[in-house]
Amino acid sequence: MVEKQITAKIVFCALDELSEAEKKLVQLAKLTTSNAYAPYSNFQVGAAVLLDNGEILTGSNQENAAFSSGICAERVVLFYANARYPDAKVLTLAIAAQNMIGFSSEPISPCGTCRQVLLEAENRYKSDIRVLLYGVDGIAIVESIKDLLPLSFDVSSMDIKD
Ligand code: THU
């Protein structure tokens with residue numbers, strides 16, 4: 001039996017420590033929470049992406065009475081970015097969330113399905129996505145979605161060798 005340690009690099013910082021461009025992206029993610037359609041969970045998520053063509057796009061979660069038909073903010077903005085600008089890499093993604101009390105104090109982290117979709121985008125564009133997770137008490141930053149998804153499944157997983 002072999003035990004392996006898988007490490008993930010996560011940087012924690014204050015909002016003030018971000019660059020002006022990244023602060024703006026986080027502020028946009030926060031603002032975009034108010035565009036969410038979340039009458040069932042009352043949990044409003046906003047996401048903003050910076051593309052390598054300079055465009056900034058935003059998205060929010062969209063719920064449905066048939067719960068599984070809803071979609072997270074991260075996938076809304078990522079699929080929109082890929083559909084609108086199929087040749088542009090996503091450089092940075094910022095995520096924020098609030099409920100009826102206010103913004104989450106802890107950094108909001110993407111769900112498993114969104115992590116898988118983000119991994120596909122990294123592989124498709126051969127470019128890591130820097131992710132900024134907003135919390136009132138501080139920001140968590142990962143340089144690549146791979147830090148949030150160890151032992152991941154991707155196209156190489158289907159390349160079974162005998
Ligand atoms: N949600 C997101 O939009 N992003 C996440 O990373 C986690 C969850 C949404 C889905 C649903 O509309 C609501 O938050 C509650 O789960």
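The largest pocket of this predicted model is lined by 18 residues, and those nearest its centre are Ser41, Asn61, Glu63, Ile71 and Cys72. Its volume comes to about 230 Å³. Sorted by class, the lining of the largest pocket consists of 10 nonpolar, 6 polar and 2 charged residues.

A natural next step is to look at what occupies this space. The largest pocket is where the ligand sits. Around the ligand are Ser41, Phe43 and Val45, followed along the chain by Asn61 and Glu63, then Cys72, Ala73 and Glu74, and finally Ser109, Pro110 and Cys111. By class, this shell around the ligand is made up of 6 nonpolar, 3 polar and 2 charged residues. Both Glu63 and Glu74 belong to the shell, and glutamate is counted here as charged.

The polar side chains of the shell deserve a closer look. In Asn61, a polar side-chain atom lies 2.9 Å from an oxygen atom of the ligand. For Glu63, the distance from a polar side-chain atom to a ligand oxygen atom is 2.5 Å. Glu74 also takes part, with an N or O atom of its side chain 2.6 Å from an oxygen atom of the ligand. As for the ligand surface, the ligand on its own has 380 Å² of accessible area, and the protein covers 76% of that area.

Two of these residues link the pocket and the contacts: Asn61 and Glu63 are among the residues nearest the centre of the largest pocket, and each places a polar side-chain atom at the stated distance from a ligand oxygen atom, 2.9 Å for Asn61 and 2.5 Å for Glu63.

Notes: Residues numbered from 1 in each chain as written. Predicted model: local features only at pLDDT ≥ 70, side-chain atom pairs only at ≥ 80, totals over all residues. Heavy atoms only, no water. Near = heavy atom within 4 Å. Polar contact = N/O pair within 3.5 Å; in protein donor to acceptor, adjacent residues only side chain to side chain. Areas by Shrake-Rupley, 256 points an atom, 1.4 Å probe, with all protein chains shown as cover. 1 Å grid on protein atoms, 1.4 Å probe; cavity = no way out; pocket = protein on both sides within 12 Å on 5 of 7 lines; lining within 4 Å. Sits in = over half its atoms within 2 Å of the grid points. Points joined across faces, edges and corners; volume = space filled by probe spheres on them.
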